[in-house]
Amino acid sequence: MYEMRVGPATSGTNEVTWHVMAKADDADTTLCGRRVITTRHSLADPNAVPERYCAPCLTAFRATFETAD
């Protein structure tokens, strides 16, 4: 199962977005290559509610299932 975490938007704004975490030794790396350590203090706006998903993460996630046997 893949985990999703809130992290900074890929657009470089102060918005937050959902990222898909990579299944690797480094548990803080997303499928898009960003490092996301979600804590209460890591979000730009602690009251922000992420409503967006990281497009590069979802593209990589989809490719994982398309190449699976």
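## Cysteines and disulfides

In this predicted model, a search of the whole structure finds zero disulfides. Cys32 takes part in no disulfide, and the nearest cysteine sulfur, that of Cys57, is 3.7 Å away. Because a disulfide requires the two cysteine sulfur atoms to be within 2.5 Å, the separation of 3.7 Å between the sulfurs of Cys32 and Cys57 does not qualify. Cys57 is likewise in no disulfide; for Cys57 the nearest cysteine sulfur belongs to Cys54, at 3.6 Å.

The burial of two of these residues can be stated as well. Cys32 has a relative accessible area of 25% and is therefore partly exposed. Cys57 has a relative accessible area of 0%, so this residue counts as buried.

## Salt bridges

The search of the whole structure finds three salt bridges. One of them joins Glu3 and Arg5, with the closest N and O atoms 3.0 Å apart. The side chains of Glu3 and Arg5 are also joined by a polar contact of 3.0 Å. Asp28 takes part in a salt bridge with Arg5, at 3.2 Å from N to O. Asp28 lies in the loop between β2 and α1 (55-67), whereas Arg5 is in strand β1, so this pair ties together parts that are 23 residues apart in sequence. The side chains of Asp28 and Arg35 meet in a salt bridge as well, with an N to O distance of 3.8 Å.

Glu3, Arg5, Asp28 and Arg35 are thus linked in a network of salt bridges. Within this network, Glu3 is partly exposed, because its relative accessibility is 42%. Arg5, with a relative accessible area of 16%, is buried, since the limit for that class is under 20%.

## Strands and helix

The secondary structure of the chain consists of one helix and two strands. Along the sequence, these elements follow the pattern β-β-α. Strand β1 covers residues 4-8 and contains Arg5. Strand β2 covers residues 16-20, and four of its five residues are buried, so β2 is largely enclosed by the rest of the structure. The helix, α1, spans residues 55-67.

The two strands β1 and β2 pair in the antiparallel sense, over five bridges. In this pairing, Arg5 stands opposite His19 in β2. Arg5 therefore has a place in strand β1, a partner position across from it in β2, and links to Glu3, Asp28 and Arg35 through the salt-bridge network.

## Burial, surface and contacts

How much of the chain is buried? Buried residues make up 23% of the 69 residues in the chain. Among the residues described above, Arg5 is buried at 16% relative accessible area and Cys57 is buried at 0%, while Cys32 is partly exposed at 25% and Glu3 is partly exposed at 42%.

The chain exposes about 5000 Å², and carbon and sulfur atoms supply 52% of that area. For contacts in the chain with a separation of 6 or more, residues 24 or more positions apart account for 44%.

Terms used
Residues numbered from 1 in each chain as written. Predicted model: local features only at pLDDT ≥ 70, side-chain atom pairs only at ≥ 80, totals over all residues. Heavy atoms only, no water. Buried < 20%, exposed > 50% of the residue type's maximum accessible area, 1.4 Å probe, protein only. Polar contact = N/O pair within 3.5 Å; in protein donor to acceptor, adjacent residues only side chain to side chain. Contact = heavy atoms within 4.5 Å. Areas by Shrake-Rupley, 256 points an atom, 1.4 Å probe, with all protein chains shown as cover. Pairing = 2+ DSSP bridges. Salt bridge = Lys/Arg side-chain N within 4 Å of Asp/Glu carboxyl O.
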